[in-house]
Each structure stands twice: as C-alpha cells, then as structure tokens.
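Trainee: Could you walk me through this one? I'd like to practise reading helices and strands.

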Amino acid sequence: MRPDVVVVGGGMSGLAAGVALAEAGMSVLVLAKGAGSLQLAPGTIDLLGYGDGRVTDPLSAIAALAERDPGHPYALLGADAVADAARWLSARVTDGPLAPYRYVGNPEQNLLLPTAIGVPRPSALVPETMAAGDLRQGGRIVVVGFRGMKDFHPALIADNLTRATGGAVSARATQIDPPAALGGEPGTLRLARSLGRPGAAQALATRLASVGQDDEVLALPAVLSIGDPHGVWETLQRGAGRPVFEIPTLPPSVPGLRLFDTLRTLLRRAGGRLVTGSYVVGTKGSGDRVDAVRVHVSGGERTYPTRWVVLATGGVASGGLELDADWRMRETALGLDVAGVPAPGEPRFSSRYLDAHPLGPVGIRADRELRPLGADGARRWENVLVVGAALAGAEAWREKSGEGIALTSGHRAAQLILGAERDVPDRAAVPVAEPIS
C-alpha cells in the first residue's frame, strides 16, 4: 500500500485528520504506538474551560485568546475552525456505528459537568448520556455507585459537588448491588459489558426506580455499555422515571472507548487503515519534502512512501516529546525542533503542582498552515503538518483546551491537505517515491 497520507498518532487529532481525509477519498494510513489517549479521556470535548476565570462562552474566549497570545495553537487555527470542527465531530458521531447515540452542546456555551471526583468541569460537546448532569441550574442529585466498585466514589463526588456549587446543587450518595450476571469484581469495563447483555439494563432500571425521590436526578458511573449506550440510557430513564446521567470514572474510560471506536470505525468504513504497535523512527526525503517515513513494527523496520505526513504524536505525556537525562527535549518521530524549552539553568517547573510551569507550553512551533518551523523560524517541510498536543504554546491541562486543540487542528490539517491537493492541476504528475520495502 502506498498511502497518500501517513498520520503518525492514533489519538483525537490523528483520528480526526485520518477520518476527514479518508472520507474525502484519500488513501490514509494511521500509525499508532498503542491505544491512544482517547481511551483514557472522559469522552467530552473541552474547547476552552479556563482563562482568567471559568469560561462560559468558549468560542468568544478562544477569539480573545488568539488575539492576546499569538503563540497559542488557537491563534493558528482561529475560532471559525473550532466551530467547524465541533460541527463536524457532532455530525460524524451521529452518523457513526453507535447511532442514535450522539453528542450535544455547541461551541458557544460550556456545560458544567461533574468529574470523577465531583469537581465541576466546563465542556462544550458532551455525550447525550452526560447532559442531564449539567450543574449550572442547580437541583438535587443522587450519586449511585455499585458496591465493590473501586473506580467510583459516590460519597466523595456528592460532597464535593455540594461544596463546589455553594449548595446550589444538593447531592447525596447511595450504593446498590451490581448486576447479578456480572460474574466478578465490578470494574468499569466489566460493568459496561454486562449492561450490554439482554435484560440487564431493564433489571437495573427496576432497581433504580426505588432509589431517591422524584425530583432527584440519578448519577451513575459511566458504564452504560460500550456498544449501545443510547439504548441502555433510554431504558434506565424510562424505568427509573427520572433523568439519568453518567459521570466519567477513572481510566479506562467507557465514553472515551466509545469515541475511539466511533472514529476507528469511520476511518475503516472510508477505506483508511489503523496500524497499532508501530512507531516512526525517521524519514526519507530531499529538500523541503518528506518522501517516506521509516516505521518500526514487530517484524522489523518498514518504509512507507507518502505524499503527506500528519504528526499527531502528542506531547510529553504520550512520548511525542521526550526529556533526556541531560534535560534536552526532543521530538521523537521526525526530529523536529522543540520550542519553548527553558535555557540551561532556568527553572523548568514551579514549586506548586497547579501553577503554570515554564516547561508546560513546549512543543513544535508551526505556521498558520500547520507546517513545522525550525529554530530559525523558517518552514522545515512543505508536506508535514503538526497537530494536537505536539503544537507549542498551550497549557491544555490548565486551560481545559486539549480536546479542542486536538480536534480542531486534526480537522484543519485535513482541510489544508485537501485544499493543496485541489490546487495541483494533475495529481498524477506529482512526483511520488517508488515503494521501498
């Protein structure tokens, strides 16, 4: 196979780019070292949660951030691209393999949802199964846990929700026995799989009908099946006679798995390929173009000729950027220059965990067409685009902007490549390296 595009990385940014390109008719190969970050994430799309304070209108806040900080990834992408990407993802999930399961919300308004420890989290696009947990209007919540489940702590969540909302939300905790057919310890994935079995959701709904009072919303751990979340959620709401919503658990994340499965299925449905257990170790090329990528796979090393490369390997947490024993930072796949690294002798971390850290915004500098820039500010390669957490300039964990940057940059990279392909009068005339074994 000689792909038109090689996407390096199988997280949100890589899969968004891969799906958009494959659905437009390009031959796409996505290379991933492992499962990717989606399966650890809560499954929400946080465009921008915090600036000077909590953000209520992420699109307006992104436009202001882009003007204030020209080095931020959102300054390269723009608020319009964020809105386009959000609409695109919502449509793709709605048309995906889990339909009628869908995402709700919009980029002009953040919902406020409980996290796994009961802290309110601003999110713009969320699974329909979480939306009833929006804390902005207050109300009464019963946090329902399963006895023996170690990844979900109802009392902690309820207490923190009540405190964090100043009493606007009145939350309490209770526990019920796990489904009888579980057959083992009630872990997140085991519970999710058990609720996908015939009759299991209805049995749980009957049990929930006796929990709490009519004006209390029921909060459950995010285990409402992997393959039929909409059906299980509807069954529980009908049987319980009141709204039900999911709260994300500690990893692994069932909503994250659903989103990953959706994007992977859409990629394969469009003819794209996802190869896990592989990582890029170098390139072949000349001048300002990469002609092929060298990939380490289980059988040794393989080389894939390609016209385009999308780098979606992430930052330090995912191994896309690496800090060695001598405090030198490097980009591990293509050897790109890393920007924002503090000079020798300067502090790299702050003394307080939740403070801004000098090393936090490191990454690859890119221009507005997402092409990587060298240390001299010049474009390094014409046919390589950098997306997601590999981009320099953001502190996504503090801003709650990681999924938004990943989704938008991946989608934008696909649009830029498709636009460049349309500008070539005769695609067959474009030089392509011969296959290399």
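Trainee: At what angle do helix H1 and helix H4 pack?

Mentor: Keep in mind that this is a predicted model. Two packed helices are described by the angle between their axes and the distance between the axes. For H1 (residues 12–23) and H4 (residues 79–94), the axes lie 12 Å apart and the angle is about 75°. Angles of 65 to 115 degrees count as roughly perpendicular, so H1 is roughly perpendicular to H4.

Trainee: Which residues of H4 meet H1?

Mentor: Start on the H1 side, with Met-12, Ala-16, Val-19, Ala-20 and Glu-23. By class, the contact of H1 with H4 has six nonpolar, no polar and two charged residues. On the H4 side, the residues are Trp-88, Leu-89 and Arg-92.

Trainee: Now H5, please. Why do its buried residues line one face of the helix?

Mentor: First pick them out: in H5 (residues 154–164), the buried ones are Pro-154, Ile-157, Ala-158 and Leu-161. Now look down the axis of H5: they line one face because they fall within an arc of 95°.

Trainee: What sits on the face turned away from the buried side of H5, and what covers the buried residues?

Mentor: Strands do part of the covering: S4 (111–114), S7 (139–146), S8 (169–176) and S10 (244–247) are included in it. The face turned away from the buried side carries exposed residues, namely Ala-155 and Arg-163.

Trainee: Which strands stand at the edges of the sheet S12-S13-S14?

Mentor: This is an open sheet of three strands with antiparallel pairing, in the order S12-S13-S14. An edge strand here has a single partner strand, so one side of it is left without a neighbour in the sheet. That picks out S12 (279–286) and S14 (300–305).

Trainee: How many bridges join S12 to S13?

Mentor: These two run antiparallel, S13 being residues 289–297. One partnership to find on screen is Ser-286 with Arg-289 in S13. The bridges joining S12 to S13 number seven.

Trainee: Last one: are the residues of S15 buried or exposed, and which strands pair with it?

Mentor: In S15 (residues 308–311), Trp-308 and Val-310 point one way and Val-309 and Leu-311 the other way, yet all are buried. Strand S1 (residues 5–8) runs parallel to S15, joined by four bridges, and Val-6 stands opposite Val-309. S15 also pairs in the parallel sense with S18 (residues 384–386) over three bridges, where Leu-311 stands opposite Val-386. So the answer is buried, with partners including S1 and S18.

Note on methods. Residues numbered from 1 in each chain as written. Predicted model: local features only at pLDDT ≥ 70, side-chain atom pairs only at ≥ 80, totals over all residues. Heavy atoms only, no water. Buried < 20%, exposed > 50% of the residue type's maximum accessible area, 1.4 Å probe, protein only. Arc of directions from axis to C-beta. Contact = heavy atoms within 4.5 Å. Pairing = 2+ DSSP bridges. Axes fitted to C-alpha atoms, helices over the stretch in contact; angles between N-to-C directions. Parallel < 35°, antiparallel > 145°, perpendicular 65-115°, else oblique. Nonpolar A, V, L, I, M, F, W, Y, C, P; charged D, E, K, R; others polar.
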